[in-house]
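Me: I would like a close look at a single part of this structure, namely its strands and how they pair. Please keep the answer connected, and begin with how far the model can be trusted.

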Amino acid sequence: MVGSAQAGPISIAMVTVGDSGNAADANLGFGAWGAVKYVYQIGKYDVTAGQYAAFLNAVAPADTYGLYTSYMANGFPAAGIIQSGNSGSYSYSVVAGHENFPINFITWGDAARFSNWLQNGQPNGAEGPGTTETGAYTLNGATSVAALMAVTRNSGAMWFIPTEDEWYKAAYYKGGGVNAGYWTYPTQSDTAPINTLPDTGNHANIYDSSGTGNGGYTDPNNFLTTVGAFNLSPGPYNTFDQGGDIFQWNETAASPGTRGLRGGSFDTNSSYLSSFQGYFFAPTGENFRLTGFRVASIASVPESSSVILLVIGIVALTVARRRRPRR
């Protein structure tokens, strides 16, 4: 299908995560995640192909730091972003019907550059200081594993990649107090979700090898599902798809040379959605399909509300995993 050009402003739905000062999840046996001392916002949905294409159109006519990869057009599975033209005048469009698929093939560096672009007010201009290289993170051309591992969130950052604690709390914390406890799955359940649509509650886009759901992929044609498709399976703060569809980057350094990932994907079984399952990849690399992201923010909004924050576009690139999830 012919792609449609994506331009800003783009709306990003955010939800507020309150219950500041909550206790960590201490039942993991290998660590304690989820304690956050402040109120913050996190994306209600993953960043989409349409949003990411708008970001590319704003900053990547030359695409200096490789925010785009052809896998976005023809990889498995393809979110559906098409690059046209020549370096210096590239433009980007999305295959019709794919606008609300989660963007994938994203490196941690791509997600950081997208966050900078939001921090800077969604400007139009080539990748550099004031667009993608400064803001929430000081990147200044960082593309290697070592350089990206040295990057930290700047003081005063308003838009950023969530830390593992921020992501974990939004996905699993039951809320309603500071010692409310945690769900096992990000669908407000201690029972593993199944993978069918339409959603009747506690469903997610995962690979089913048990026979309790589809007995395979949720969508064996597109593999990805649109953000929010599982509309009866929200997280405790009303996020969607923190389990399944695509893995999501977090900001936390997980081990030397790696950043954290959470959430599982269309290609993994329900165990990968569990609060017990944390993952890590190198923050750079290409040619792997399961990694996307959602953004977080600090803003002055009423607690327990949903807000719409404007964005002009979205960043996209490719990711390499350190190990392939097992079904």
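What pLDDT does the chain average, and what share of the residues score at least 70? After that, which strands pair with strand β3, and in which sense?

Reply: This is a predicted model, and its chain averages a pLDDT of 88, with 85% of the residues scoring at least 70. Over residues 300-327, however, pLDDT stays under 50, although the model has 149 contacts beyond four places in sequence for this stretch.

Turning to strand β3, which covers residues 40-43, Tyr-40 and Ile-42 point one way while Gln-41 and Gly-43 point the other way, and all are buried. In general, side chains in a regular strand alternate between the two faces of the sheet. Strand β2, residues 10-17, pairs with β3 in the antiparallel sense over four bridges, and Val-17 has Tyr-40 of β3 as its bridge partner. Strand β11, residues 296-297, also runs antiparallel to β3 and is joined to it by two bridges, with Ala-296 of β11 standing opposite Ile-42.

For the surroundings in the rest of the chain, there is also an open sheet of four strands, with mixed pairing and the order β9-β8-β7-β10. Because β9 (279-281) and β10 (291-292) stand at the edges and each has a single partner strand, one side of each is left without a neighbour in the sheet. The pairing of β10 is with strand β7, residues 247-255, in the parallel sense and over two bridges; in β10, Gly-292 is the bridge partner of Gln-248.

Notes: Residues numbered from 1 in each chain as written. Predicted model: local features only at pLDDT ≥ 70, side-chain atom pairs only at ≥ 80, totals over all residues. Heavy atoms only, no water. pLDDT = per-residue confidence, 0-100. Contact = heavy atoms within 4.5 Å. Pairing = 2+ DSSP bridges. Buried < 20%, exposed > 50% of the residue type's maximum accessible area, 1.4 Å probe, protein only.
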